[in-house]
Amino acid sequence: MPIPTRSDLRAAFANALAQQADPTDPAAAIRAAVDVVLPGSWLERLSLGLCLHIRHEFLALADAIQGDGRNG
C-alpha cells in the first residue's frame, strides 16, 4: 500500500469532514481526522489494538468539545 501524499490526506480529510452533520463544529473535525487516520470497518480496526484505544480517546475528546451531554 503506497504512503499517501499530503494532498491525498487533505482531500480525504475534506471528504470526511463534508460527510459530518455540522462541518463547522470542532468535534466534526476530530471525527473526520479519525476517519482518515484509522480508516476501515469496525472489524478491521479491532486488529489494530492500541490504535483502537487511541481512536476511542479522540472520539471522547470530540464528544467533550461538542458538549452533547454524555460527558456530564
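1. A crossing of two helices is left-handed if the near helix is turned anticlockwise from the far one by less than a right angle, and right-handed if it is turned clockwise. In this predicted model, helix α1 passes helix α2 in a right-handed crossing. The residues of α1 that make the contact are L9, A12, F13, A16 and L17. On the side of α2 they are A28, A29, A32, A33, D35 and V36. Sorted by type, the residues of this contact are ten nonpolar, no polar and one charged.

2. The geometry of the pair can be put in numbers. Two packed helices are described by the angle between their axes and the distance between the axes. Helix α1 covers residues 6-18 and helix α2 covers residues 26-37. Their axes come within 8 Å and cross at roughly 130°. Angles over 145 degrees count as roughly antiparallel and those from 65 to 115 as roughly perpendicular; α1 and α2 are therefore oblique to each other.

3. The chain as a whole has four helices and zero strands. Along the sequence the pattern reads α-α-α-α. Of its 72 residues, 24% count as buried. Among the contacts with a separation of 6 or more, 37% are between residues 24 or more positions apart.

4. Which residues make up the largest nonpolar core? They are A16, L17, A28, A32 and V36, five residues in all. The elements that give two or more residues to this core are α1 and α2. Helix α2 gives the most, with three residues. As background, nonpolar side chains tend to be buried together in soluble globular proteins.

5. V36 belongs to this core and also to the contact between α1 and α2. The residue lies in helix α2. Is V36 buried or exposed? The cut-off for buried is under 20% relative accessible area; V36 has 19% and is therefore buried. Leaving out residues up to four places away in sequence, V36 touches L9, A12, F13 and A16. These four residues are among those that α1 brings to its contact with α2. One of them, A12, is 24 residues from V36 along the chain, and their C-alpha atoms are separated by 6.3 Å.

6. R31 also has its place in helix α2. With a relative accessible area of 18%, R31 is buried. Its C-alpha atom is separated by 9.8 Å from that of F13, and the two residues are 18 apart along the chain. F13 is one of the α1 residues in the contact with α2.

7. Helix α4 covers residues 50-66. D63 is found in this helix. At 16% relative accessibility, D63 counts as buried. How many residues apart in sequence are D63 and R31? They are 32 residues apart, and 9.5 Å apart in space, C-alpha to C-alpha.

8. A60 lies in helix α4 as well. Buried means under 20% relative accessible area and exposed means over 50%; A60 has 35%, so this residue is partly exposed. A60 and A27 are 33 residues apart in sequence and 9.6 Å apart in space, C-alpha to C-alpha. A27 falls within the span of helix α2, residues 26-37.

Methods. Residues numbered from 1 in each chain as written. Predicted model: local features only at pLDDT ≥ 70, side-chain atom pairs only at ≥ 80, totals over all residues. Heavy atoms only, no water. Axes fitted to C-alpha atoms, helices over the stretch in contact; angles between N-to-C directions. Parallel < 35°, antiparallel > 145°, perpendicular 65-115°, else oblique. Contact = heavy atoms within 4.5 Å. Nonpolar A, V, L, I, M, F, W, Y, C, P; charged D, E, K, R; others polar. Buried < 20%, exposed > 50% of the residue type's maximum accessible area, 1.4 Å probe, protein only. Core = buried A, V, L, I, M, F, W, Y, C linked by side-chain atoms within 4.5 Å.
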